[in-house]
Amino acid sequence: MSKSQTDLSASENTTRNTLDPSDWQALREQGYRMLDDIIDHMSALHDKPVWQPIPQAKRELFTEPLPHGPSSLASAHQRFMEDVLPYSLGNASPGFMGWVVGGGSPVGMLAEMLASGLNANLGGRDQMPLEVERQILQWMRELFSFPETASGLFVTGASMANMISVLVARNNMLGQSVRRQGLADSPKKLVAYTSAGAHGCIMQAIDLCGIGTDYLRVIELDDQYQMNLVQLKQTIDNDRAQGLTPFFIAGSAGTVDVGAIDDLDAIADIAAAENLWFHIDGAFGAMAMLSKKIAPRLKGIERADSIAFDFHKWLQVPYDAGFIIVRDGSLHHDTFASPATYLRRETRGLAGGSPWPCDFGPDLSRGFRALKTWFTIKVYGADKLGSIIDKTCDLAQYLKIKVDAQPELEMRAPVALNVVCFRYRGNHAATVEQLNDVNANIIADLHESGLVAPSATSIHGHIAIRAAMINHRIEQRNVDILVEQVLRLGRLKLL
Ligand SMILES: *Cc1c(COP(=O)(O)O)cnc(C)c1O
């Protein structure tokens with residue numbers, strides 16, 4: 001048999017034994033029902049519980065053995081509607097204020113459907129989906145005033161983006177030989193800096209990149225929850241005096257606990273004077289560049305060497321869509337590309353289109369996260385998205401005013417952006433333990449009520465109720481419900 005005959009019989013086999021339906025019209029009709037159901041769900045989020053506990057019997061439905069035979073698409077859809085959808089996290093709901101989680105959007109959802117229909121793999125090669133990703137990179141360069149030579153990459157989330165920044169910074173300080181020799185061979189002992197307000201993924205990145213968490217200096221916060229820059233300078237001096245090599249500093253644009261923004265301009269000055277890589281974790285906060293009100297407070301972000309951020313938080317793109325942008329694109333490329341990369345890349349045909357995204361991060365196969373991001377920005381427009389960010393910050397101020405007006409409640413941190421930390425304190429003196437216990441239980445009761453879902457955080461050993469306004473669906477009435485319910489539950493618990 002010649003080679004072409006083998007290929008032909010293989011493709012014939014595929015047409016006989018394929019995953020496509022024999023009846024496309026029936027699939028189309030079932031598809032419309034699925035679309036109707038999820039749009040019905042989205043349009044009725046206001047009337048549904050934010051979250052509800054998962055009954056044990058429902059949980060056990062997902063412990064069945066591997067199904068060897070088929071089931072109908074309709075029955076799988078029914079299982080989703082009855083057994084999965086009602087017991088999800090609830091972050092799309094207007095009452096969801098827990099942690100820092102985005103709400104998604106109908107436009108993003110539809111774009112995700114198109115992307116998965118296309119089943120594009122954005123590792124590389126010459127294809128239009130990569131131009132969509134490059135378009136987003138170009139918009140981000142514009143937003144952050146980064147040069148045309150800056151590189152960028154979609155990743156799962158800010159955790160991965162922060163890790164990539166540590167790797168690029170490591171190679172910047174040690175040179176590309178570190179890729180062969182590892183850290184062990186280097187006479188330089190690297191030290192990194194961040195603040196006590198930094199997200200846990202910064203420490204994890206330092207660990208995963210082999211720097212070692214003993215070499216991450218966690219700088220104290222000042223009374224505005226910003227990195228204490230006097231302490232930062234002293235710590236750098238001490239480390240140098242001990243023969244260590246400071247290489248990386250991660251500032252925060254929106255801390256996860258209280259939404260504080262470090263003095264980015266001042267950190268940029270220190271980084272420049274000390275020859276440190278200036279990275280910003282702007283997981284949610286960096287997108288506030290779209291808000292005319294908040295953007296001036298991010299001054300200095302344009303001086304960063306790299307910024308990690310998420311489209312899936314304040315920009316409401318459906319999960320997951322994180323991004324890393326690096327000022328020095330060639331350094332970013334040299335951190336990940338294999339030395340023989342250019343030799344293997346074609347200049348024409350399907351295998352052209354260099355440089356490829358797989359040369360800028362650890363992933364080879366990559367989904368089309370750019371499409372739902374492109375649809376979101378294109379359809380709503382950057383100004384509308386910025387106005388959503390303003391709205392959530394206004395709601396945070398509204399909640400602060402309500403808390404300040406209630407003697408039984410007290411604020412626990414300043415409101416810099418969209419995060420409000422407060423607690424129930426009652427009318428009489430109570431111990432820290434009592435208050436921690438009462439507030440932790442108020443939060444759990446609120447979750448189980450399905451009415452509203454804030455999260456807990458601990459500030460200087462005190463449990464606070466944290467309402468993070470990220471979701472575009474939150475309205476004043478959801479904030480009113482939060483205050484009413486905290487007062488009601490607090491009064492029941494702290495007699
Ligand atoms: C959410 C968040 C992260 C982690 O981002 P993921 O997208 O969840 O990986 C890091 N830093 C801050 C400040 C965050 O809010």
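**Ligand contacts and the nonpolar core**

Mentor: In this predicted model, a polar side-chain atom of Lys313 is placed 3.0 Å from an oxygen atom of the ligand.

Trainee: How much of the accessible area of the ligand does the protein cover?

Mentor: Of the 380 Å² that the ligand has on its own, the protein covers 85%.

Trainee: Which residues are closest to the ligand?

Mentor: The ligand is surrounded by 13 residues, the closest being Ser159, Asp281, Asp310, His312 and Lys313. For Asp281, an N or O atom of the side chain is 2.7 Å from a nitrogen atom of the ligand. For Asp310, a polar side-chain atom lies 2.7 Å from an oxygen atom of the ligand.

Trainee: How should one read the largest nonpolar core, and which residues have the most contacts inside it?

Mentor: In soluble globular proteins, nonpolar side chains tend to be buried together. Here the largest nonpolar core has 72 residues, and Met140, Phe144, Met287, Ile307, Phe309, Phe311 and Ile325 have the most contacts inside it. Helix H6 gives the most to this core, namely seven residues. A separate second core, of 31 residues, includes Ile164, Ala198, Phe248 and Val326.

Trainee: What does Phe309 touch, leaving out residues up to four places away in sequence?

Mentor: Its partners include Met140, Phe144, Met287, Phe323 and Ile325.

Trainee: Against which elements do the buried residues of H6 pack?

Mentor: They pack against helices H5 and H14 and against strands S1, S6 and S7. Helix H6 itself covers residues 128–144 and reaches 25 Å from its first C-alpha to its last, close to the expected 24 Å. Ser145 follows H6 and has a positive phi, near 55 degrees.

Methods. Residues numbered from 1 in each chain as written. Predicted model: local features only at pLDDT ≥ 70, side-chain atom pairs only at ≥ 80, totals over all residues. Heavy atoms only, no water. Helix = DSSP H or I, 4+ residues; strand = E, 2+ residues; numbered from the N terminus. Expected span 1.5 Å × (residues − 1). Contact = heavy atoms within 4.5 Å. Core = buried A, V, L, I, M, F, W, Y, C linked by side-chain atoms within 4.5 Å. Buried < 20%, exposed > 50% of the residue type's maximum accessible area, 1.4 Å probe, protein only. Near = heavy atom within 4 Å. Polar contact = N/O pair within 3.5 Å; in protein donor to acceptor, adjacent residues only side chain to side chain. Areas by Shrake-Rupley, 256 points an atom, 1.4 Å probe, with all protein chains shown as cover.
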